[in-house]
Structure formats: structure tokens, C-alpha cells
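User: I would like a close look at one part of this protein, with the surroundings described carefully enough that I can follow them on the screen.

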Amino acid sequence: MTTPTTGAPVTDPTPTKGLAIGKLTLWGSTVIGVASTAPLFSLAATLGYVIIAVGAQAPVAFILAFVPMLFTAFAYRELNNDVPDCGTVFTWAAKAFGPRTGWMAGWSIAVAGVLVMANLAEIASIYLLSLIGDGSLAENRAIVTVFGCLIIAAMTWVSLRGVEIGERMQQVLLAIQYLAMAAFVVGCLIGYFSGNAPDPTAVSLDWFNPFLADGTGMVQAILLALFIYWGWDTCLALTEETKDPRRTPGRAATLSTLILLVTYVGVTVVAMMYAGLGDTGTGLANEAHADDVFSGLAGMAMGPLGWFLVIAVAISALSSSQTTILPTARGTFAMGVYKALPARFANVHAVSKTPTFSTLLIGVVAIAYYAGMNFVSTSVLADSVLSIGLAIAFFYGIASFACIWYFRRTLFDNWRNAFYRFVFPLLGGIFMAWAFVQSAIDMANPDYGYSQLAGVGSAFLIGVGSLVLGVVLMFVWALFPASRDYFEKRSLNRDTEVLAPE
């Protein structure tokens, strides 16, 4: 038992960080995990590009991208079973590899969170403003930016109110997304079977044969599809606020990825049946509509209810912006608890039991970044979104390899350990390392994305530059006396007791 250092009376023998305990069930945790990926928005923004890359093999591209995500989810589950901590990869990497690897893992999660929040705010702002009046407000950059900043502020406020309020809101928002997708699927099927579809295309087993696709195109499609699964790990960041924290979050993570697989493959197949693979008109390979394949099809497939799908895409972005704050803030909160960041990051609200300084800071930084990028260049903002893949592959890869090294003494005690703690994490880690390198090579091309600097793509500069900035900030913080306990492995090491409830 840990001896209290404050002299306060012990009311609970289990040490905690002050977060709300046992608030989320398996259902609530899974809802947050799925909502974090913004499934409707992610599919709307990615499906066109995947089909352009591989054509009819789009469904199998989503399946192939799912496999390494599932392997990574197994690594998360195994680590969470032994170390149920809201710091997730930061805590696990620090225990497995040491403080500097842990610090960079925590930093990469924060970077990905801030960058994607700017994108989600932009999308939600444009979609919602396009529904007002004649839609001209969505073309005014100043209004879009201000409204986007207000969206981030509102989602930050919701996150500060407590995890239960956020969970209830996510249940409603996710239900709207899936109701809209269900209506779209039904409309497409009715159109296909009635002969009213613009380009009815029969389902073929060839759609699930990856060897029929161009090799380079399949690589591009998998990289695109890979990162729209990102977000399921939010339920692991809420592990201490979940009932049965050693098992429920891991189960929720696995369940979330399976739900996403069925969603992405199912909607893709139905959309292909309805709209076909043509590169003109409503064809899914039409580059003019690649950034949002649903908006043009919604009115045709859903009739007068087409507006509902447009609203649902905006709601999808809104929903994900709030759930993105949760793991990002809890990651920096855990870093504050273990002295990898200043102590104020570990502050918790007395009533809501949520990280106050960490949550507010993430919201403020996201607003500042979003507004700043809009002021500098919308092209740079768009490239910063493309660069997120580097940060995601970085911390997912670290998590996979950390699982192997952390459990190295028990890897081959039984068949279960051999697969779930070695084989699957190894395959997931190798894939993520490849995704990181391949994405970096692609992004360095000046033709990649929307802008370049000195002959190098801006997406590469932002992605790699943000990680290099993390290295610099890590060494700067290491100069402060308050950081010594962390970097000298006193506040967090392999044997450190996890401050989480049983």
C-alpha cells in the first residue's frame, strides 16, 4: 500500500490521480471509441480518394488497413490489462523503454490531437454555415474561422463538465451519424434494386481481391484507409474512469475497431453498387467530388432527406472534436502526474473530476493553431491535416513494440502470450513503422499536398517538424529541477505503482 505524503486521512486504499472512477460502462466506452474516429466524416472525406487509387478493390483496402489496427488494438489491450493508466502509450513506453521514449510518445499524441481538432473545426464550421441562408457564409473565411474557434471552445467546455456528460452527448451524436448512414444505405439499395441508381453496379468477388489492384495504388489506398480507423484508442485513455478498468477499455477498443470495419466496408460496397466507379458525374472516381462523395449522392439516394446526411457529416466532425480533447488532455495530465510536464498539468477539478489545466490548454492551443493557420494560409492548414499520419504511426508503432519489450519475460509462457504479446504486436509495429517511413517519403514530394517550401512538401515539414520540436522541448524541460524525478526514473519506471483504481 502506498503511504500518503500529504498527511490527509486515507479514505480509499487504492491510489488514484483524482479522476472520476467507474463512470463508463463497456457500452459508453465503445461509443466514445467509435465516435472519436468521426466515422461518417472520415468515410465521406476518404472514400473517393481510395477508389481513385484502387478502383473496385476499395472494400479490400479498408479490410487490409483494418488488420494492423486490430493487431495494435491487441497490444493496447495487453498493456492496459497490466498497466491501466490514462497516459496510455506515454506511460507504457516510459515503463518499457525509458523516459525519453515515453515523453515523445506523449508528445506525438498531443500533436495529433491538436492538428486534427483544427481540421474537424474547419469541416464542422463550413458544413453548418452552408446550411444557413444561401450558403454564402461558408465562403467567408473570417466567419468560418470565428465559428470554428467557437466550436473548439464549446467542445472544450463540454469536456470540462465531466466524462459522463460527454458520454451522453456522444451517444446522441453517434446515433444521428448511424441513422443518417442507415438512411443513405437504404436509399442506395432501393435505387439499385429498382433500377433508379445513376450507375447500378453488381457486387463482385473481385472487389475483395487485393491482387487485382495496382501495387502502388493499393499502398496509397491502405495508407489513406489506415488512419481513418484512428480514434478507437480514446477508450483506453479513459481507462481509469471506466468500470473494470483492466478489461473493459481493451474490450471496447477491439469492439470499436470491428464496428468501424463493418461500417466502412458495408457503406463502401453499397455506395459502389449505387453510384458505380465512373470518373464523371456521380461516379465515385470523379476527382471533382473526391473530397466529399456523399454530398452529391445524398439528394439522389435520400430524396428530400438528403439534407440530413449533410448535417450528420457536420455532427460527425463536431462529435470527434470533443472526443479528441479527452485522450489528448488525459495524456498531458498523466505526464503532469508523473512529472514529465509541470505539476499544473496534473490539476483536477474538484467537482467534475476532469483535468482542468490540461483540457483548457489543449483547447486554447487548438484555437490558436487553427486561427493562426487560417491567417497564414489555408493550404498550410490542409497540409497540416495530411501530416497527422506521421504522428499516429509514430505512437501506434511505439505502443506495439512497447508491448513486446514490456512482456519480454513472459512472451512464450503459453500460446496466448506468444500471439497477443509478441506475434500480433510485432506485425502491427512493423506495419506502423513502414507506414511512417512510406508516408514521410510521400509527403516529402513537393507535389504532395497543397503547398511546399524549398522543394519539400509542407506536410512533411509540419509532420517531421512537429516531432523534432518535441525533441527540443523535451530537452528544455529536462533542464528544470522539477523534471529530474521523471528523467531519472524515480516518478515513473517499470516498478512504479500505477495510480489507477482496480
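In which helix is Val423 found, and what can be said about the aromatic residues and the helix packing in this model?

Analyst: Val423 is found in helix H16 of what is a predicted model. With a relative accessible area of 29%, Val423 is partly exposed, because that value lies between the 20% under which a residue is buried and the 50% over which a residue is exposed. As a point of orientation, Val423 and Gly296 are 127 residues apart in sequence, and their C-alpha atoms are 44 Å apart in space.

Helix H16, which covers residues 415-444, also carries Tyr420, whereas Phe74 lies in helix H3, residues 58-82. The rings of Phe74 and Tyr420 have centres 5.0 Å apart and planes at 90 degrees, so this pair is edge-to-face, the cut-off for that label being over 60 degrees. Because one partner belongs to H3 and the other to H16, the pair ties together parts that are 346 residues apart in sequence. The two partners can be told apart by their accessibility: Phe74, at 10%, counts as buried, while Tyr420, with a relative accessible area of 25%, is partly exposed. Both rings belong to one aromatic cluster, formed by Phe71, Phe74, Trp415, Phe419, Tyr420 and Phe424. A charged side chain can be added to the description, since Arg421 lies over the face of Phe407, at 3.9 Å from the ring centre.

The structure holds 27 aromatic pairs, and another of them can be set beside the one just described. Tyr229 and Tyr264 form an edge-to-face pair, with 5.2 Å from centre to centre and 75 degrees between the planes. Tyr229 sits in the loop between helix H8 (215-226) and helix H9 (234-237), and Tyr264 in helix H10 (residues 248-275), so that this pair links distant parts of the chain, 35 residues apart. Tyr229 is buried, with a relative accessible area of 0%, and Tyr264 is likewise buried, with a relative accessible area of 0%. Elsewhere, Arg344 lies over the face of Phe357, at 5.5 Å from the ring centre.

The packing of helices can be followed from H3, the helix that holds Phe74. Two packed helices are described by the angle between their axes and the distance between the axes. The axes of helix H2 (residues 39-54) and H3 come within 9 Å and cross at roughly 110 degrees, which means that H2 is roughly perpendicular to H3. H2 passes H3 in a right-handed crossing. On the H2 side the contact is made by Leu43, Leu47, Val50, Ile51 and Val54, and on the H3 side by Ala58, Ala61 and Phe62.

A second crossing involves helix H12 (residues 306-337) and helix H13 (residues 356-376), whose axes come within 8 Å and cross at roughly 125 degrees. That angle makes H12 oblique to H13, because it falls outside the 65 to 115 degrees that count as roughly perpendicular and is not over 145. H12 passes H13 in a right-handed crossing, and the contact is made by Ile325, Thr328, Ala329, Thr332 and Phe333 of H12 together with Ser358, Thr359 and Ile362 of H13.

Methods: Residues are numbered from 1 along each chain as its sequence is written. This is a predicted model: local features need pLDDT of at least 70, side-chain atom pairs count only at pLDDT 80 or more; totals for chains, interfaces and linings use all residues. Side-chain values use heavy atoms; hydrogens and water are left out. Rings of Phe, Tyr and Trp (its six-membered ring) pair if their centres lie within 6.5 Å; planes under 30 degrees apart count as stacked, over 60 as edge-to-face and the rest as tilted. Helices (H or I, at least four residues) and strands (E, at least two) are DSSP runs, numbered from the N terminus. Buried means under 20% relative accessible area, exposed over 50%, partly exposed in between (1.4 Å probe, protein chains only). A charge sits over a ring if NZ of Lys or CZ of Arg is within 6 Å of the ring centre and within 35 degrees of the ring normal. Axes are lines fitted to C-alpha atoms, for helices over the stretch in contact, and angles run from 0 to 180 degrees between N-to-C directions. Angles under 35 degrees count as roughly parallel, over 145 as roughly antiparallel, 65 to 115 as roughly perpendicular and the rest as oblique. A crossing is left-handed if the near helix is turned anticlockwise from the far one by less than a right angle, and right-handed if clockwise. Contact means heavy atoms within 4.5 Å.
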